[in-house]
Each structure stands twice: as structure tokens, then as C-alpha cells.
Amino acid sequence: MTIEKIVEQALQDGYLTPAMEAEVGRICDTAAELSIEEYMALDRLMGALLTGEVVAVPRKQFINVMEELVLTEAISRVAEIESTSDKTLDLGDIAAYALNRLPPLYATTEEGANFQRENARGELSALIADQVQQAISRNLDKPDFYPERQIIQKKTGDNVLSQVSSLLQDHAHKFEPAPKA
């Protein structure tokens, strides 16, 4: 999706989703140079965000406690296997495989997360261990089909909006503002 289409969609809907924000960031990060149209679209988006015409949907306001529990189990098992063999396992693949086969345990508060953790440790620890073991077995047996696949990476540093704002400030002096229609 292009920046122009994202901005058009955000203006139409009145909100910018985290996925749209991430796509704008990806485009800005990977483009060697943005076109004047892209700069103008980013400028429109920033203006709409500043005036409240478009609101940024807040990022995750909840957690899936199961992710934490599965990662803890997977890290422990993977470390054990890798320290006693020449095998290298993909922790992300293992966690994703196991998580797709386990119930989510969402919480919006620390108290809720602690409640979910305690219940899961009491009722689901054997199921978690079993799913992680199945994921490891599957990971050990998988062929290397897709060596060109790209892992999902989290952006570091400032959020996309501050990156866009900084980008616009750095380059705005080079362009005349678009005439208002």
C-alpha cells in the first residue's frame, strides 16, 4: 500500500491504525527517496493528526499472558537442547507454533495478568510444556524450505509519528505547501 492510499484511508475513516502507522514507517525506512506526492501525503496526515481530524488508534492496551508463559518454557527447553547438541532452534517459530495451539490469556491490568499467570501455572502448565515440546520436535524436523523468508522485526527508537514529523521538518523547506482545494 502506498503512503497516499494510507493517508486517503485514514482521512476517510478518521483513524490511523497501528498497522497503517507501521506501513508508513516501513515505507519511510526503506525508500531511498520519497516523492513530492509522498511528502505532501505525509504532510496532510500530520496536519490531520494535529487537528484531530484523524486519531491514532492506541497501541496494544492488553497483553496475552500465554506469550510470556510459552516463551519462558521454550527458552528453557531450547537452551537445554542447544547446550547439549549442535542443533540450532528457531525460538520464534517454536513459540508461534505452540501459541497457535494454546488458549489466549488476555489481561488489561497487572492484577489481571497476575491472576492469569497463577491460573495458567496451576491448570495449564502441562499443556504448555506439551505444546512447546511438539513445537520443538517439529522445528527439529523441518526442512530449510524458505531461506529467503524475512522475520518480523519491531522498530526501535521513536514511534512512526515522531519519525514522520522529524522527516517533514528536515525536508519541508525544500517544498512549497500544496494549494488548498
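Q: What covers the buried residues of helix 1?

A: Start by listing what packs over that face. Keep in mind that this is a predicted model. Here the cover includes strand 1 (15-16), helix 2 (18-30) and helix 3 (36-51).

Q: Which residues of helix 1 are the buried ones?

A: They are I3, I6, V7, A10 and L11.

Q: How do I tell where they sit around the helix axis? What arc do they cover?

A: Look down the axis and see how far the directions spread. In helix 1 these residues span an arc of only 130 degrees, so they lie on the same side of the helix. Turn to the other side and you find K5, E8 and Q12, which are exposed.

Q: What follows helix 1?

A: Check the backbone angles just past the end. Helix 1 is followed by G14, which has a positive phi, near 90 degrees.

Q: And in front of the helix? Where does M1 lie, and is M1 buried or exposed?

A: M1 belongs to the segment before helix 1 (3-13). Its relative accessibility is 60%, and the cut-off for exposed is over 50%, so M1 counts as exposed.

Q: Which residues does M1 touch?

A: Exposed doesn't rule out contacts, so look past the sequence neighbours. Leaving out residues up to four places away in sequence, M1 touches I6, E23 and I27. You can also compare sequence and space: M1 and V24 are 23 residues apart in sequence, with their C-alpha atoms 9.0 Å apart.

Q: Let's zoom out. How many helices and strands are there, and in what pattern?

A: Count 8 helices and 4 strands. Going along the sequence, the pattern reads α-β-α-α-β-β-α-α-β-α-α-α.

Q: What share of the residues counts as buried, and what supplies the exposed area?

A: Of the 181 residues, 29% count as buried. The protein exposes about 12,400 Å², with carbon and sulfur atoms supplying 53% of that area.

Q: How should I read the contacts by sequence separation? What percentage joins residues at least 24 apart?

A: Set the short-range pairs aside, then ask how far apart the remaining partners are. Among contacts between residues at least 6 apart in sequence, 77% join residues at least 24 apart.

Q: Now the interior. Which residues have the most contacts inside the largest nonpolar core?

A: The general idea is that nonpolar side chains tend to be buried together in soluble globular proteins. In this model the largest nonpolar core has 21 residues, and M66, V70, I94, L105, I128 and V132 have the most contacts inside it. Helix 4 (65-84), helix 5 (91-99), helix 6 (110-123) and helix 7 (125-141) each supply at least two residues of this core. The largest share, 6 residues, comes from helix 4.

Q: Take I128 from that list. What does I128 touch?

A: With residues up to four places away in sequence not counted, I128 touches M66, L69, V70, E73 and L102. There is also a second, separate core of 19 residues, and among its members are L16, M20, I27 and Y39.

Q: Which residues of helix 5 are buried, and what do they pack against?

A: Use the approach we took for helix 1. In helix 5, the residues I94, A95, Y97 and A98 are buried. They cover an arc of only 165 degrees around the axis, so they sit on the same side of helix 5. The buried residues of helix 5 pack against helix 4 and helix 7.

Q: What sits over the ring of Y97?

A: The charged end of R101 does, 3.5 Å from the ring centre.

Q: How many aromatic pairs does a search of the whole structure find?

A: The search finds 1 aromatic pair. To classify it, check the ring centres and then the planes. The rings of F62 and Y106 have centres 5.6 Å apart and planes at 80 degrees, so the pair is edge-to-face. It links distant parts of the chain, 44 residues apart: F62 is in the loop between strand 2 (55-56) and strand 3 (63-64), while Y106 is in strand 4 (residues 106-107).

Q: How accessible are F62 and Y106?

A: F62 has 40% relative accessibility and counts as partly exposed. Y106, at 48%, counts as partly exposed too.

Q: Last one, A113. Where does A113 lie, and is A113 buried or exposed?

A: A113 lies in helix 6. Its relative accessibility is 1%, so A113 counts as buried. Apart from neighbours within four places in sequence, A113 is in contact with I63, V65 and A107. The C-alpha atoms of A113 and F62 are 9.3 Å apart, with their positions 51 residues apart along the chain counted as separation.

Note on methods. Residues numbered from 1 in each chain as written. Predicted model: local features only at pLDDT ≥ 70, side-chain atom pairs only at ≥ 80, totals over all residues. Heavy atoms only, no water. Buried < 20%, exposed > 50% of the residue type's maximum accessible area, 1.4 Å probe, protein only. Contact = heavy atoms within 4.5 Å. Areas by Shrake-Rupley, 256 points an atom, 1.4 Å probe, with all protein chains shown as cover. Core = buried A, V, L, I, M, F, W, Y, C linked by side-chain atoms within 4.5 Å. Phe/Tyr/Trp six-rings, centres within 6.5 Å; stacked < 30°, edge-to-face > 60°. Lys NZ or Arg CZ within 6 Å of the ring centre and 35° of its normal. Arc of directions from axis to C-beta.
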